[in-house]
Amino acid sequence: MSALLEVDHLEVNFGGRVSAVRGASVTVERGETHCLVGESGCGKSVTALAVMNLLARGARRSAKRLAFEGQDLTGLSDSGMAHLRGNAMAMIFQEPMTCLNPAYTVGSQMTEVLRRHRKTTQRAATDRAADLLARVGITAPGLRLGQFPHQLSGGLRQRVMIAMALMCDPKLLIADEPTTALDVTVQAQILRLLAGLQRDLGLGMLLITHDLGIVARVGHRVSVMYAGEVVESAPTAELFANPKHPYTKGLLRCVPVPGKIRRDEPLGSIPGTVPRIGPGFEGCAFRERCDFADATCAHTIPRHAASAAHDFLCRLPA
Amino acid sequence: MLQFLVRRLIVAILVAATVMTLAFILTRLSGDLAISIAGPNATQADVEAVRKAYGLDRPLTVQFFDWVGRAATGDLGESYFFKTKVSKLIGERMPITITLGLTGLVIALLVSLPLGILAAVRENTALDRVVQMVALLGQAMPSFWLGLILMITLGLQLGWLPISGTGSWQHYVMPGIVLAFSAIPALTRLTRAGMIQAMGSDYIRTARAKGLSRASILLKHALRNAAIPVVAIAAVQLGFMLGGSIVIEQVFALHGVGFLAWESIGKNDFPVVQAVVLVLAVIYVALTMVADLMNAVLDPRLRGP
Ligand SMILES: Nc1ncnc2c1ncn2[C@@H]1O[C@H](COP(=O)(O)OP(=O)(O)OP(=O)(O)O)[C@@H](O)[C@H]1O
Ligand code: SF4
Ligand SMILES: [Mg+2]
């Protein structure tokens, strides 16, 4: 059986000048949580949006393979894609404050997605919405359903978004920093909820996060992105124990106590910033900041396998 | 909300007071009322008698406050020419003017909303530019000229529509189109801008992520938000149209309030002129308040937590 989501050599550029994603590959298996980590601006959100075909106007997407349950998404019509979205594949966005329509109540926005994809009554849809709001830890769901987004805090809005994404029992959930707006207890509750859904429903998840604590707790697999490329990908335990790419090592070094991952630790404490890269760039994008860089790093870099499930993109041998 | 309404009411009263003062001063500037009322063959004694009978011998300030005082209680005085109550005159003709204004507004919305949506969806294409150009042309066209062109083409050459009078609903179509033309540019531009902004927003991305149909995304989610300023401006535009009907009613011989004002100016029938100006101003102010209320109805954020 094919994987739930296959992304092979995804490329996204904006107006032909900015290459936001440069050949990134990610595979999400059924029931797996695949974490995508990396500094701000490295292309995590763009990758997620490209999978959902929700990129802004003017963005160009191409891929060697982009498939959901074996079905090719690149050739899919708009209506075919709309059929999958919100239904078998759902997404939670990074911007909880602005993601809900200010003109409609929480209830109306939650029920419409279920009624779009399933034959149900308004009554049943409302019940399901209330049930999911309760499951993401919202008290008095009945009251919340009648409220407008501006009446909710950022944390509540984010939880509404999460509940809304779950309305149709998706098989794949793409979650772009779903817990950043939430406090630690709620965060733990949401992660437990998602882990539970994963067990019960075989939900596959592409989880974008800055938080290595979350990766350590819920990630089955991690892919590290840098400047639009996946520079290293491995099962979580293996990546933490045996990082290969100098950038991954840098990220892990930023975590203060070795072996113990501290929560809330932002990535990107490595000196320097992610370069903006245009088309035609060659070599390793990390070379300006890498301690091991040499002349060969300016040429095409091979991908090495450290083990069967662990590969990285660096001139250094495994 | 209450505080907001009170503030609005104070502004409304100030506007009404200003308009009343201006209307009063302007009508007095045009010469000696008593002479024009008494007519060309009147003797000096007749004129004096008229002056006394109409209270025009009193100081201007006394006349002004007398008028304001009566107007505040709903008494707009009596017409010099028709010899009937001004309120009755205006009341009889108001339905025609309001019908005309609403016809204009409906036509304007029927044209602007689809045009604006179309231009936004096809942003920066040839179609978008054509729409914007048409809107610009509409703005540059004087309404009496457009009225005459329509009369010649639709009325005389094609014979589709009657060119003057108020006998049937068809009589309102041409003047309605002319009135609508003044509002279409602003409403189209506003719809276009609102739709472009909405379509680029995060909540529209959410709507797309939910797999909603294109119609639902455009009309339910985007237009609902884009329409908020459009509805508000439409109410204000209706006020402009009612004022603009002074010219249009003249061109199409519709005997509404605008026509009445025009006639009365020619006859120096000052109580009528003053009253029409006042009534139109009050309606205009009321419509801007309606616009604010519509805003609050359409935008949940303005209704408070
Ligand atoms: N609509 C757009 N037009 C042009 N460039 C864009 C657009 N959206 C994203 N980019 C660029 O693409 C790159 C990747 O952005 P992306 O949002 O994917 O980063 P990210 O990894 O999600 O960062 P963060 O952790 O801050 O969310 C950035 O350089 C960004 O400037
Ligand atoms: S390829 Fe060169 S520059 Fe890039 S990470 Fe490896 S050693 Fe560093
Ligand atoms: Mg992002």
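Visitor: How much area do chain B and chain A bury between them?
Guide: In this predicted model, carbon and sulfur atoms account for 52% of the area that is buried between the two chains. On the side of chain B, B:Arg205, B:Arg208 and B:Lys210 supply 27% of what that chain buries against chain A, more than any other three residues. The area that chain B and chain A bury between them comes to about 2,300 Å².

Visitor: Which helix gives the largest share of the side of chain B that touches chain A?
Guide: Across this interface there are 16 residue pairs in polar contact. The elements of chain B that give two or more residues to the side touching chain A are helix 5 (86-121), helix 9 (202-209) and helix 10 (214-251). The largest share, six residues, comes from helix 9 of chain B.

Visitor: Which side chain of chain A meets B:Lys210 in a salt bridge?
Guide: The count of salt bridges between chain B and chain A is four. One of the bridges involves B:Lys210, with a distance of 2.8 Å from N to O, and the partner in chain A is A:Glu112.

Visitor: Is A:Gln94, a donor of the magnesium ion (ligand 3), buried or exposed?
Guide: The protein donors of this ion are A:Ser45 (OG) and A:Gln94 (OE1), lying 1.9 to 2.2 Å from it. The two are 49 residues apart, with A:Ser45 in helix 1 (residues 44-52) of chain A and A:Gln94 in the loop between strand 7 (89-92) and helix 3 (106-117) of that chain. Because its relative accessibility is 30%, and values between 20% and 50% fall in the middle class, A:Gln94 counts as partly exposed.

Technical notes: Residues are numbered from 1 along each chain as its sequence is written. Chains are lettered from A and ligands numbered from 1 in the order in which they are written. This is a predicted model: local features need pLDDT of at least 70, side-chain atom pairs count only at pLDDT 80 or more; totals for chains, interfaces and linings use all residues. Side-chain values use heavy atoms; hydrogens and water are left out. Buried area is the accessible area (1.4 Å probe) that two parts lose on being put together, summed over both. A polar contact is a pair of N or O atoms within 3.5 Å; within protein, one must be able to donate a hydrogen and the other to accept it, and residues adjacent in sequence count only if both atoms are side-chain atoms. Helices (H or I, at least four residues) and strands (E, at least two) are DSSP runs, numbered from the N terminus. Donors are N, O and S atoms within 2.8 Å of the metal (3.2 Å for Na, K and Ca); water is not among the atoms, so sites may look incomplete. Buried means under 20% relative accessible area, exposed over 50%, partly exposed in between (1.4 Å probe, protein chains only).
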